Amino acid sequence: MEGLDTRILSAFALFRVMPFPSLQKLLVVFIGCAIPFTVRSDEKLVSFSREVLPILSDRCFHCHGPDASHRKAKLRLDIESEAKRDRGDYFVVAEGDLKASDLWYRIITEDGDELMPPPDSHRKPLTSDERDIMRRWIEQGAKWGKHWAFEKPARAEVPDLAKHPIDAFVRAKLEEQSLSHSPPAEAHTQLRRLSFDLTGLSPGVDELENKNWETIVDQKLASPHHGERLAVWWLDAARYSDTDGYQQDLERTNWPWRDWVVNAFNQNMPFDQFTIEQFAGDLLPDATPEQILATCFHRNHMTNGEGGRHPEESRIDYVIDRVNTTGTVWLGLTLGCTQCHDHKFDPVSQKDYYSLFAYFNSIEETGAAGRKATPYLDYQSPLADRAVKEAEAHVAVCKPLEAAAKVEATKRFDSWLAKAEASLSPDFQAWHGMKPLRVGSAEGTEFVVEDDGTVQTKGPRLRQDDYRVTFAGPKNLTRVAGWKLEVFPDESHTDGKLSRGKEGEFILTNVKLVVQRKGESQVREMELKGAVADLETDVKGRKYGKVKDTLDDDPRNGWTTNGKGLTDPHTAIFELSEPLLVDPEEELTFILLHRSTNGDANIGRFRISATDQRGETVRSLKAAPLEEASRAGKISPELRNRLLSQFILDDAPYQAAKSDHDEAVRQYAAAKKAAGTLGVQVLAERKEPRDTHVLVRGVWDAKGDIVQRSVLPAVLALPAEKAQTRLDFAKWIVSSDNPLTARVTVNHLWQMMFGAGLVRTPEDFGLQGESPTHPELLDWLAVELMENDWNLRHIFRLIATSETYRQSSAVTPELLERDPENRWLARAPRFRLPAWMIRDNALQASGLLNPAIGGPPIKPWQPEGVWEEIFMGRFTYQPSVGPAQYRRTLYAYWRRSSAPTFLFDSAQRRVCEVGVRRTNTPLQALTLLNDTAMLEASRILAEKTNGLEGLAQRVLSRSLAPDETAILEREYAKALTFYRGAPEEATTLLTVGQQKPPPPERAPELAAWMTIASLMLNLDEAMTHE
Amino acid sequence: MNNFSDELNRRTFLGQSGLNLGAIALGGLLNDTNAVSRIAPKAKRVIFLTQSGGPSQLELFDYKPGLRKMAGTELPESIRQGQRLTTMTSGQKQLILPGITEFSRHGQSGATVSEWLPHTASIADELCFVKSMVTDQINHAPAMTKFLTGNQIPGRPSFGAWTSYGLGSVNKNLPDYLVLISRMKRPSDQPLYDHYWGSGFLPSKYQGVKLRNAKDSVLYLRDPDGLPREVRRGMLDGIGELNQKRFEQTGDPEIATRIQQYEMAYRMQTSIPELNDLSDEPESVFELYGPDSRRPGSYAANCIMARRLAERGVRFTQLFHPDWDHHSRLPSWCTARCRDTDQPSAALIKDLKMRGLLDDTLVIWGGEFGRGVAGQGKWDSPEAGRDHHPRCFTIWMAGGGVKPGTTYGATDNFSYNVAENPVHVRDLHATALNLLGIDHESFSYRFQGLDFKLTGVESARVVRDILV
């Protein structure tokens, strides 16, 4: 700052200790007279919208902006007339007159009480550059304007710097920075880049031959995979999911809408039509089922079926979600801010928000979730039949294998039976009594252990207690498949009944079986699969009666005789999920919990025994088949069948074939169900519209003033009669006069191909969003989109044929330092592919990919137990079998509370997302190294490729350099040496997913190749858009 | 590129907090020893013992003997003041159910703790009970989301993610934020969504990593069967060398990061199994934490894990114990969850103290809301339970600069409204951040054009009365 200014300001500041603002005018006059004011003509003209407004927005609007409730000092700086108003004795902004402008004083003063923004606001003071902008702006006449994004885009003149308009605009910016484009990327890199961007898949090996670039671009745009690639963009924006989210997280069947999206993109549906159908397809004249289906977009939000939740609160949440999603996806506005208050930065009031809300407020919906989330469209998908046929064919593959396995297993059974018949003793006993090593209690019950292992309680009579009964592994058994608990009446009990409690009743709330190895502190808990008893009461809900209820961790239910047979012995049998192999080094502890609500019902006398017999022995109270066999002189056909059923439970090859077949049958049944008529959530208007109120502070039941439907006047005003319906609203969004939609949309397309938008905040084109790096280019593309009938492919083609797109992504340290975020595009961007593309590409490169389009969702591999642990077992994840496993990730079943585990940094699909998440973590490395699909792809690559060259062509679309070959050959040799010495390890590695064991003689070599294929799939280059 | 902006964002915050920028290597994370923030940190790490479902303050901590006289009478409207109820009880009369447990005073501080928590009672002098917690959500998922992310709508970063973002790593072999969920055998009514420990709009490297009680304790941690360590090492060497060549050709710093991350993954394959392997813990530890601590995946075993993580410098460890939603049958249901958690929670405090870790570890015990004074179901039957209640609940804290042996705040005679010193969830967040040396006002992250804070837009206060 010049010395003169500083001096004056010091004087000015001295006066400022006097009461404000009575003396100010005087002061202004005084200074104004003393120093004649001149505009420095050599200075660069300031742009209000690009330079001044961002400063005002960031530092001032919070308290002096559109939000009336937070406004301080009755001053607003977002409206010209207000900012420049004659305030009687002073001006905040005086055109051309720095000294008369209180704003200027407030940003430069050193007085902390006067400084703006106030130091305690945690907003940064203006930098010297920013102060300079404000100074020049006021001096140059304080010209006002709108925020750039609210001005209708105009087609700027294309600079005469290149043939291609995109290159011309980019080059103009590069020249300003004294930078230039990089040379073109290598041909295979360009092809990979294009192929990923437009189809989400790498090019096939045969596509690598030279072809005309324009032809390749057109082929990629015409590929059915193009629609799939765009659909992922759109599904993230639409928060699409196959379940509701929240507590129940129930399933919905909205996937036909997903296929509508794929199809719309594959038909190259104009984006305005695409928008209108999704907003208001139901309101179009003679709406087709597909047009109604399109409106599912606005039903893809989460729905909350939590018990105790007020449905109206939920319904309001859904409407809010639609408004916010519309704001983010089409308008690039953070409308969510105005749910509770006027926008602090953008010209959107809370009333405006609820006027938009009104368009979505009269849907025929109740706020319910699950299968009650009306309105529905009854819809039968034309794409489900293919899935049914595929599933049926897979059953046909599995069925004969199961039958053959059964024949083999039966042969093994026959030879076993022959031996068993010869050796079975006539008094075979399935159950083996066990004498406990120790019996203990948590609360103080005492025990007497009798010779036959029976345990009698004594000592204090307690309300609740846990018994811990510990045994050595039974000596005469090699394994334990189940255990039996016998409960006895006794004279010492109340009235000779079953317990010492008041009623002589017992209530067993839980049982557990843990195993502890000698010398170890920790135990293993054995999973119990089922329980049966001689006497149970069939109760509903959390009541005492059923023995199976002893297997959960809930003390509100459990096993009791419910007052019946209190003087008789009773028996319960518990089956282990997997038989426990007896190990003399291990002790078994049975824990009996008596923790019922009323208590006073602890078992009085009991005995525990164990069996090694699986099947009906541990699933019923009948005599074991082998016991019957030992008693019967001859084995009847019926008994033989029972013995066979038991035998094959332990026959691993048969169990594997049976499980494959069972899964195939289950999948076939699910596909058939999906091929029937489904309810798809759609929009439908109520007969009587609901009143819409402003919700005070956004609280669902705090109703303020009633508002009418209206579009956002600050974006594009419409006469009320043209803004009545959802259809009117949709048409307003894609009106060629709407300044936002086309810009926001081309920015999404740019982001898809460059990894980042021309506006780096794709969700926010408002005042707090980033300014475009290339404003003229953004506007030119927006106009180009609108003038070409909202043809998305036209924009993709334009971008793909530019030099900017086709240049190399290599960067020098100098350029990296000058432009670390590649805003000027002196190089192509280099970024990691989204997780879904990495998976799809591994399937594609290996040839595993099943390229079918649409249909019911599929379930890719994921580690065991992920759903189970979130819901404590309520949902079980069963991966798809057969060719369905290798469908594209787009079709993966999306449980809202647990997204597919492979997708390590994808959108979350809870609310709409249009930005890009891209991180680099060790968890991603683990996923790509160890996921089953990646390993299966590696196995297939090992089989299909002939050496390194073939592998490199498939995975990297190029040949290897000699130094690269040397590294890979070295690792191959090391792996081969290992697997030659351990061929069984090789077979284990290769037998992954649905892949069958290899021919033994090829196993070591194939396994070594598999590790190299996996290595290559994990290279940075393989997973990167270069 | 993205990492670069994250780093800029981080540095912007760190700059605002008065941290020494020169000490931060470009592209690297903040080193613990350089963490000199504007507020002197008292805690270096947090252990959050999350009791999901809403434990009953009336049965456990908030002793209201005066209620006995009012048993079965209707809750006065002067107290209820239009408090909304869930639709589970909004149709029934609000009849007072006095706390069904016996209380006594414990320790020199004389804190009231119920008979159902004898072990917690025995360490009352180590704890700071906050009896005046307030939230504004009445249903589980929104309330837990609020409790853990500061906002009821999913999408914001969790408290742990903010902490790991703000403080960075000490341990190079483990993630900064780990989550352990008790293994239980009943279908949960309140699923534990991963957004409870999510990173929201912060980069996903700050999200909590779930340590599962399963074959893969971290998803995809195990190498496939048939792939021995030596072959894996060779593969990683090959990946590293080829990536290095690519880095030299392209100049993309992201490749250098990827090389490091693959190496970290390799180290995690050793460090996590070591962490999970409790065989190096002496018998006395299992005796301290109780019999359930011998069962891997139990809350008690997870408490031992929490101490092991504290020893390894992990910034944020979060345990979840589900099933505190006791709408019925308090005598059997609530006692079951007390037995699961009482001894191990107390043991963790004792253990941390014995090892000199309590001073710089902040331990927080609590759930998303409290429970109402009205009985749900027939009030005078053992079958009765309680509905959700947002207007007051009790949590306790220990260590990490919190004043031990204190009780802060109080409720009215009905344990219905806060009578003095309300502590809103955002105040708890502000206080915890303060103990970690972070000023909650300036700790923000720019997203969608706005500066987001854990404590949200409403003003939050640091509860200075409970700080040492």
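## A walk through a predicted two-chain model

Let's begin with chain B, whose domain assignment gives three parts: domain 1 (1-38), domain 2 (41-213 + 296-466) and domain 3 (222-281). Keep in mind throughout that this is a predicted model. The centres of domain 2 and domain 3 of chain B, taken over C-alpha atoms, are separated by 37 Å. Where these two domains touch, domain 2 of chain B gives four residues and domain 3 of chain B gives six. The four from domain 2 of chain B are two nonpolar, one polar and one charged.

Chain A has a longer list to follow. Its assignment gives domain 1 (3-145), domain 2 (150-222 + 739-829), domain 3 (249-326 + 334-380 + 685-738), domain 4 (386-424 + 633-674), domain 5 (431-622) and domain 6 (833-1026). Between the centres of domain 3 and domain 5 of chain A, again over C-alpha atoms, there are 57 Å.

Now bring the chains together. The contact between them involves 89 residues of chain B and 91 residues of chain A. On the chain B side, the elements that give two or more residues are α1 (2-16), α5 (140-149), α7 (229-250), α8 (253-276), α9 (283-289) and α11 (330-354). The largest share of that side comes from α7(B), with 14 residues. By class, the side of chain B that touches chain A holds 37 nonpolar, 27 polar and 25 charged residues.

Two helix pairs let you see this contact in detail. In one, α32 (residues 962-981) of chain A packs with α7(B) at an angle of about 175°, and their axes are 10 Å apart. An angle over 145 degrees counts as roughly antiparallel, and therefore α32(A) and α7(B) are described that way. To find the contact on screen, look in α32(A) for residues including A:I967, A:L968, A:E971 and A:F978, and in α7(B) for residues including B:V231, B:M235, B:L242 and B:K245. Seven nonpolar, two polar and eight charged residues make up this contact.

The other pair joins α29 (residues 922-930) of chain A to α8(B), with an angle of about 75° and axes 8 Å apart. That angle makes the two helices roughly perpendicular. Here A:P922, A:A925 and A:L926 meet B:Q261, B:Y262, B:M264, B:A265 and B:M268. This contact has seven nonpolar residues, one polar and no charged ones.

Back within chain A, have a look at helix α15 (residues 311-331). Its 21 residues should span 30 Å at 1.5 Å a residue, which agrees with the 29 Å between its end C-alpha atoms. Of those 21 residues, 16 are buried, leaving α15(A) mostly covered. Just after the helix comes A:G332, with a positive phi near 60°.

Helix α16 (residues 350-360) of chain A is one to view alongside α15(A). Ten of its eleven residues are buried, so α16(A) is largely enclosed by the rest of the structure. Among the buried ones are A:Y353, A:Y354, A:F357, A:Y359 and A:F360. The buried residues of α16(A) pack against α15, β18 (692-695), β19 (703-707) and α21 (726-733) of chain A.

For contrast, turn to A:Q267, in the loop between α12 (255-266) and α13 (271-280) of chain A. A residue is exposed if 12 or fewer other C-beta atoms lie within 10 Å of its own; A:Q267 has 11 and is therefore exposed. In space, A:Q267 and A:G227 are 8.2 Å apart, C-alpha to C-alpha, although 40 residues apart in sequence.

Terms used: Residues numbered from 1 in each chain as written. Chains lettered and ligands numbered in written order. Predicted model: local features only at pLDDT ≥ 70, side-chain atom pairs only at ≥ 80, totals over all residues. Contact = placed C-beta atoms within 7 Å. Helix = DSSP H or I, 4+ residues; strand = E, 2+ residues; numbered from the N terminus. Nonpolar A, V, L, I, M, F, W, Y, C, P; charged D, E, K, R; others polar. Domains from an automatic or database assignment. Axes fitted to C-alpha atoms, helices over the stretch in contact; angles between N-to-C directions. Parallel < 35°, antiparallel > 145°, perpendicular 65-115°, else oblique. Expected span 1.5 Å × (residues − 1). Buried ≥ 20, exposed ≤ 12 C-beta atoms within 10 Å, placed from the backbone.
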